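The following exercises are intended for a first-year student. Please work through each task with the sequence and the structure at hand, and then compare the result with the solution.

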Amino acid sequence: MHGRVKLKSTAQQEEEKRKEKEKKLKIYLTTRDACFNKRKEGVLDEEALQLSQQLLASNPDFATLWNYRREILLYLETVRSEDEVQRLYEEELNFLETCLKMNPKSYGSWHHRGWVSSRLPRPDWARELGLCDRYLYHDDRNFHCWDYRRLVVKMSGVPIEQELQFTDRLIGSNFSNYSSWHYRSTLLPLLAPGSAESSSPQRECSSPTSSPQMHSHRVCEERLLKEYELVQNAFFTDPNDQSAWFYYRWLLGRAEREEMISCVYVSREGERVVVAFSRPVNALSVGFLLVVDGQPLQVDWRSAHSCVRHSPVWICELPPGTISDTSNEHNLTVTWTEKRTHRDCALYSGRAESWCRDSATDLELFRSELSVEKSSVLQSELQSCTQLLELEPQNKWCLLTIILLMRALDPLAYEKETLAHFQILKEVDSMRSSYYSDLCSKFMIENTILKMEYAEVRVFSLCDKSLSTLCHLDQLLLVTHINLSSNQLLRLPPQFAMLQCLEVLQADNNIIEDLEGLRHLPRLEEVSLRNNRLSRLSDLRPLTTCPKLTRLDLRGNPIAQATSIRSELADMLPSATDLLL
Amino acid sequence: MAADLPGEFDVVVLGTGLTESVIAAACSRVGQRVLHVDRRSYYAGNWASFTFNGLLSWMEECKQGGQSSAEEATDWGDKLEEGEEALVLSVMDTSITNLEVFCYASEEPEEEEKEADASRHTPAPVQAEGEQDAQSDSPTCPQEVPEGDAPQEGQGQIDGLLQDGAEEAPGKDEEAASPETSQAREVQGEEPSANPSPTEVKKISYAKIVKEGRRFNIDLVSKLLYSRGLLVDLLIKSNVSRYAEFKNVSRILTYRDGKLEQVPCSRADVFGSKQLTMVEKRMLMKFLTFCLDYEEHPEEYLDFTERSFWDFLQTKKLTDNIQHFLLHSIAMVPPETRTGEGLRSTQYFLRSLGRYSNTPFLFPIYGLGEIPQCFCRMCAVFGGTYCLRHSVRCLVLDKESGRCKAVIDTCGQRISCSHFVLEEGYVPEERRKGAACRQISRGVLITDRSLLPSETEQQLSLITVPPLEPGAAAVRITELCSSTMTCMPGTYLVHLTCPASGSAHADLAPVVSRLFTETPGDTGAADAERPAVLWALYFNMRNATVPSTASYDLPANVHVCPGPDGLLGNDHSIRLAEEVFHRIVPDEEFCPPAPNPEDIIFEGVGPQGEGAGIGEPSQGEDAAEAGQEDDVKTEAAKDESLENAGSGEAAGQESGVEAQEAAALPSAPPPTPPTDE
């Protein structure tokens, strides 16, 4: 049509582009070869800098070239005056900025910048910090830049308060940002460390030799209250944003228990010592020392189950006759040399067994896992979350946080509400219902352990509670009777073998197919596994290692239908005289 | 000058306002031969932005009723042929009335003030009321007369209809306004001394404003661009965005309980807000989330479709705080608005949020007047012919078909065309069928500090002031900082807009006196926190409502573009431009993307060749376009990166850095209109 502007056709344009590309490629390859040749010949001159610069400008992720540049620069450093070196490195920084514009997430460029900055005779840290500000403003999740920022902050001693304000700014403009929240969590403890005494609820312990020290990467309370407010602003504004909730979890605290020996158990009859640690350890690689009546003993430690290398529970057999005489009193000491901690245990005359331990109730073990804060603070946090839940009854983060707060405050008193909240959670977030089941199981087990210890019994009973998994089994070391009937357990895991005192096991009406944990339980006599899913004889093989097993109830299992099962079982488990099929 | 224009065009456009310019660009883009003329010496008509001195000249012009020059050819009889008749266009511009100026800045005697004439008489307002007043020959106005001596002759003649209805209101306002005015005069009386207080930081004098006048770009109409409005979409789609640069409105404020508060509208705002309780934050976010796709949840509002938005808000368990924010600052509607429309307005606001920033609005650097010019430029690039200070005197109508065959310009030349587009102001009175038109009240203030100072001086704020008295209208204020290139550093340019019920000054004075101090010279300590008005201009502008074609008795191929409306956005103008375009060329696409300059093939001569040499883009012009390539990229990158930023795409954010680097470069000078003869 008349007057229309004429345009190049697409074919024309593409041809032009192709030619352009070809030309560029040719130049690039020639320069690359020239550069490599020079390096091969060990030439460290300005021209090589020039050539590699051309290449890196178009492809800043060419690691070899950055290395070559560093070689050249290191050499030039030795032959130039300080001012010249300064200028050289400043030019390098300018060049790097163009590379970063090309690719703000170039590993090579950021790394090289860090290298140059640390070699610069008179570094301009303000400029570097400004650069970080700029890049993080545009992409607040550029982790290269976060790394570089930490370097700059460390090298130049930027005040922590100033960095904290920087995260304030980033969070203010967009609070869906793990990086900023995380940075805060590393800055706050530096800025306002909470003293260990005030923030960790210490109790006098029964055993004075090993007081439970809480490690505290914590923050003073005044500061914490401000943080609570900030993070609440975030989750009230958008309760579906998880970064704020995660930070909140961090704020509520997760104290680490001190590494220690939590229990020593000795059985006279089996001439056996069982030691429980506060965390899984590998006894074969760390040093334990067992002293009986002042005599160090060379013993072989084994974990409760051979397949578990790192275990919180370790067992050793004493040389025959060491403690077998019931009229003798024995004093045992287990020392964890590496951690400089030990625990004593006295086996009085006439006693068949003895133990020394810290109880879970004394240590507030399960509570401190969530929080070391004052309960008044937690109470008001719980109120805020409950308020939010009224507005957002379906919000999973809120529900979960409420559960955790309730546990931190008083696990037993809130048990009913906790279970109700779990029920809603499984409905609103059905994708994660198994996770919630497992978590709920864990809390139920913790509660049952607490109840058992308050009652000072060695019976653990948790029936009909939809348990889907077993945990904290190291805490059940002393339990003699356990009832896990009518749950949804699929297996008795290897860790189950830590129940070294177990005599009677009831686990009817589950969906158990695997008995791997019923191994080497020296005192196990009765096992009831009615209505489970045991189908093969080999599934029962672990029981052959339990010498005292006399009663085994397998009614309602597929295996009970098998022909000649009775005789096969009798062969396999000769001690089990009372077989119910 | 324009003596030898070609005698034939496809489309002749008279007036360079936004709608006309978009039509001209769209037509030229698809190959129509376009002649674009404007009687004025500047682009954009009532959409224009002026330097301070330019504004003073504009005021002078308004006083003369917009009548340009008398030496027009009036004899066109011989240009008419058999079976044709002439339709003479109006030469009077009546769209601006009730012009009043006040100066509160000290006038230092040592400074030269050649151009200060207009305000020499101040604070006694300068009367420049357009034609009516010119006829009434009474230069006085109510504010000038002390109380008691009120309404004088002359006023009655002004816009009878409006004035009668609003007679009482101005009277009231007058009392509120006159103390300040008379005070201003008093101080002016002892002008030379001007109480120079030693504590005073340097005051900005009137002379200084005049001297720095070129730093001002004062918009006649105060509007913003909704980030997802039709205008932004059009700018992007057509690539016209390459000619302009924008700044984000940085905050939205509202006047509540006697003070200004920041309106939390984005997620980040709600998060950071200190005025809202946690629960309020949740309630607000919940409601906003609902509004974003309210159509999906009809159960929430269906019972209220027949009732007001205000009633609806009452039922939503929202606190007063939030109701205020929602109604006045987010929906920006009067309380009696129906629920459906209130929700629609809220949704429109929210959808624009987050595209470019935490507020929904963009403002063009160098003022709103840039936008029509950008489209003119695009028109010129594609061969449109431009001629300012040139107008069409009459239309040549074919008696039989009733169509417009040609126009006769102010030089008496006959130019044939198949379509004629004109600004509403040129439509002769007898061809208007509509009822009396409505008016907008406008105020322009130059102030010495921001209404709500913050860490940064460079805030670009939109402020909504709900009706101070029942029945009054809400006033919309935009406060521009110097980085928008619309005012000199150290000052703020404040635009006030509301639907008129009386004169602009009467309508706006109550709000101005609440928010600002109008005392000249040094201010008392009590007023220290309020910004001082250095200079103020008030005027009424015709409020262009969207016309149905039936509002005018004109041929079918004559298309009328009303001037700016009183709304904040520009959708009406763009929608109308598209409509008119489709009436002119039904089968063509509206503003398809303009090609990149490097893809245009240049032949020996420009596409329109041997014209009169007026407004015809030479190759140099196109070369200049090519130089703009970088801006294009910036714009594209900006758009893309910001789009992605919303969704947190890392990839998008990378290019964001680039965009920022580019934006950090000193901004280019305002794009000059293609030709100025």
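**Exercise 1: A parallel sheet in chain B**

Strand E1 (residues 11-14) and strand E2 (residues 34-38) of chain B are paired in the parallel sense over four bridges. The model is predicted: local features need pLDDT of at least 70, side-chain atom pairs count only at pLDDT 80 or more, and totals for chains, interfaces and linings use all residues. Residues are numbered from 1 along each chain as its sequence is written, and chains are lettered from A and ligands numbered from 1 in the order in which they are written.

Task. Which residue is the bridge partner of B:Val11 in E2(B), and in what order do the five strands of the open sheet stand?

Solution.
Step 1. Helices (H or I, at least four residues) and strands (E, at least two) are DSSP runs, numbered from the N terminus; two strands pair if DSSP finds at least two bridges between them.
Step 2. The partner of B:Val11 in E2(B) is B:Val34.
Step 3. In chain B the order of the open sheet is E12-E2-E1-E16-E22, with parallel pairing.
Step 4. Strand E12 (385-388) and strand E22 (558-561) of chain B each have a single partner strand, so one side of each is left without a neighbour in the sheet.
Step 5. Direction ignored, neighbouring strands of this sheet are turned by 15° against each other on average. Axes are lines fitted to C-alpha atoms, for helices over the stretch in contact, and angles run from 0 to 180 degrees between N-to-C directions.
Step 6. Helix H17 (residues 571-584) of chain B lies across E1, strand E16 (419-423) and E22 of chain B, and runs at about 175° to E22(B).

**Exercise 2: An antiparallel sheet in chain A**

Task. Which strands of the sheet E6-E5-E9-E10 (chain A) stand at the edges?

Solution.
Step 1. This open sheet of four strands in chain A has antiparallel pairing.
Step 2. The edges are strand E6 (295-297) and strand E10 (341-347) of chain A; each has a single partner strand, so one side of each is left without a neighbour in the sheet.
Step 3. The average turn between neighbouring strands of this sheet, direction ignored, is 25°.
Step 4. Strand E9 (residues 330-336) of chain A is joined to E10(A) by seven bridges, and A:Val334 stands opposite A:Arg343 in E10(A).
Step 5. In a regular strand the side chains alternate between the two faces of the sheet.

**Exercise 3: Burial and the nonpolar cores**

Task. How many residues of strand E5 (residues 96-103) of chain B are buried, and which residues have the most contacts inside the largest nonpolar core?

Solution.
Step 1. A residue is buried if 20 or more other C-beta atoms lie within 10 Å of its own, exposed if 12 or fewer, and partly exposed in between; C-beta atoms are placed from the backbone.
Step 2. Eight of the eight residues of E5(B) are buried, so this strand is largely enclosed by the rest of the structure.
Step 3. E5(B) pairs with strand E21 (residues 533-543) of chain B in the antiparallel sense over six bridges; B:Phe102 stands opposite B:Ala536 in E21(B).
Step 4. Of the 677 residues in chain B, 49% are buried.
Step 5. A nonpolar core is a set of buried Ala, Val, Leu, Ile, Met, Phe, Trp, Tyr and Cys residues joined through C-beta atoms within 7 Å.
Step 6. The largest nonpolar core has 282 residues, and those with the most contacts inside it are A:Val264, A:Leu477, A:Leu499, B:Val12 and B:Ile23.
Step 7. Helix H16 (residues 396-409) of chain A gives the largest share of this core, 10 residues.
Step 8. Another core, of 16 residues, lies apart from it, with A:Leu51 and A:Phe95 among its members.

**Exercise 4: The surroundings of A:Arg533**

Task. Where does A:Arg533 lie?

Solution.
Step 1. A:Arg533 is in the loop between strand E15 (526-528) and strand E16 (551-553) of chain A.
Step 2. A:Arg533 counts as partly exposed because it has 17 C-beta neighbours inside 10 Å.
Step 3. Two residues are in contact if their C-beta atoms, placed from the backbone, lie within 7 Å. Neighbours within four places in sequence left aside, the contacts of A:Arg533 include A:Ile511, A:Glu513 and A:Pro558.
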